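Let's take a friendly walk through this model, one helix and one loop at a time. Keep the viewer open as you read.

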Amino acid sequence: GRDFPETVFVMFQMAFAIIAPVLVVGACAERIRFRAVLLFTALWLTFVYVPVVHWVRAPEGWILKAGTLDLAGGLVVHIAAGFSALVLARMVGPRQGFPDSVQPPHNPGMVMLGACMLWVGWFGFNAGSRFAANEGAGLTMLVTHIAPATASLTWMVIEKMKTGKASLVGIVTGMVAGLATITPASGNVGPIGALILGFLAGLVCYFACGIVKDKLGIDDTLDVFAVHG
């Protein structure tokens, strides 16, 4: 019917509303209670997510009217969640032993499994935002594949040069950085643009992780700000 596109649009925003708080609380993993997560999520969705969606998506939104191109919610989800995660991690405080004796992820295999599902799901996140099955959606899916692949390889090379070995968790982190970076631009760049953005994502986000934890002294557990923000 005539209301179908608007209905799908609302469903997409609700799906993004589920994803965004998950990113934010990742900055405080291992040191925040479930009740606090529920309360924070309700408040964050009301006072942060909804206004930003209006700014970016509504016809009268000031960010949209300024000419900003954001196909799949890079501003709405990743930038908003990234900066919120930085603030939340600073307010909650660091884990015991941070930064010298914090335990690394104990099951890289599970990390890799989750990353595989995330990568596939991101095709729906970006290409699905086209609301069509056409050449544009196909190009969006292609660049959504190129950017994270480039970012993960970039991260792997930098890590190898800096520490002497590349880690599975590092490669996965680079992949997520590439996915988050290509998201707003996925409807407006081609394969070469995706290569450039993927390279920049792997490079900038790798060093941003060190800046947040070493320079700012903020224990962002899953590097939410460095990777998404």
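## Helix α8 and its buried face

A good place to begin is the set of buried residues on α8: Ala-194, Gly-198, Ala-201, Gly-202, Cys-205, Tyr-206, Ala-208, Cys-209 and Val-212. Please keep in mind that this is a predicted model. The partners that these buried residues of α8 pack against are α4 (74–92), α6, α7 (168–182) and α9 (224–227). As you look at the numbering, it may help to recall that an α-helix has 3.6 residues a turn, so residues three or four places apart point the same way.

How well does the span of α8 agree with 1.5 Å a residue? Helix α8 covers residues 191–215, and its 25 residues should span 36 Å, because the expected span is 1.5 Å times one less than the number of residues. The C-alpha atoms at its ends lie 35 Å apart, which agrees.

## After α8

Just past the end of α8 comes Gly-217, with a positive phi of about 70 degrees. Further on, the loop between α8 and α9 holds Asp-223. Asp-223 is not a glycine, yet its phi is positive, at about 55 degrees. Is Asp-223 buried or exposed? Its relative accessibility is 15%, so Asp-223 counts as buried, the cut-off being under 20%.

## How α5 meets α6

Two packed helices are described by the angle between their axes and the distance between the axes. For α5 (residues 108–127) and α6 (residues 135–163), the angle is about 140 degrees and the axes are 9 Å apart. That angle makes α5 oblique to α6, since only angles over 145 degrees count as roughly antiparallel. The crossing of α5 past α6 is right-handed.

On the α5 side, the contact is made by Trp-119, Trp-122, Phe-123, Asn-126 and Ala-127. Helix α6 contributes Ala-137, Thr-140, Met-141, Thr-144, His-145, Pro-148 and Ala-149. Sorted by type, the residues of this contact are eight nonpolar and four polar, with no charged ones.

## Two more loops to inspect

The loop between α5 and α6 contains Phe-131. Here, too, a residue that is not a glycine has a positive phi: for Phe-131 the value is about 55 degrees. With 43% relative accessibility, Phe-131 counts as partly exposed.

Finally, turn to the loop between α4 and α5, where Pro-99 is found. The peptide bond leading from Phe-98 to Pro-99 is cis, and its omega is near 5 degrees.

Key: Residues numbered from 1 in each chain as written. Predicted model: local features only at pLDDT ≥ 70, side-chain atom pairs only at ≥ 80, totals over all residues. Heavy atoms only, no water. Axes fitted to C-alpha atoms, helices over the stretch in contact; angles between N-to-C directions. Helix = DSSP H or I, 4+ residues; strand = E, 2+ residues; numbered from the N terminus. Parallel < 35°, antiparallel > 145°, perpendicular 65-115°, else oblique. Left-handed = near helix turned anticlockwise from the far one by under 90°. Contact = heavy atoms within 4.5 Å. Nonpolar A, V, L, I, M, F, W, Y, C, P; charged D, E, K, R; others polar. Buried < 20%, exposed > 50% of the residue type's maximum accessible area, 1.4 Å probe, protein only.
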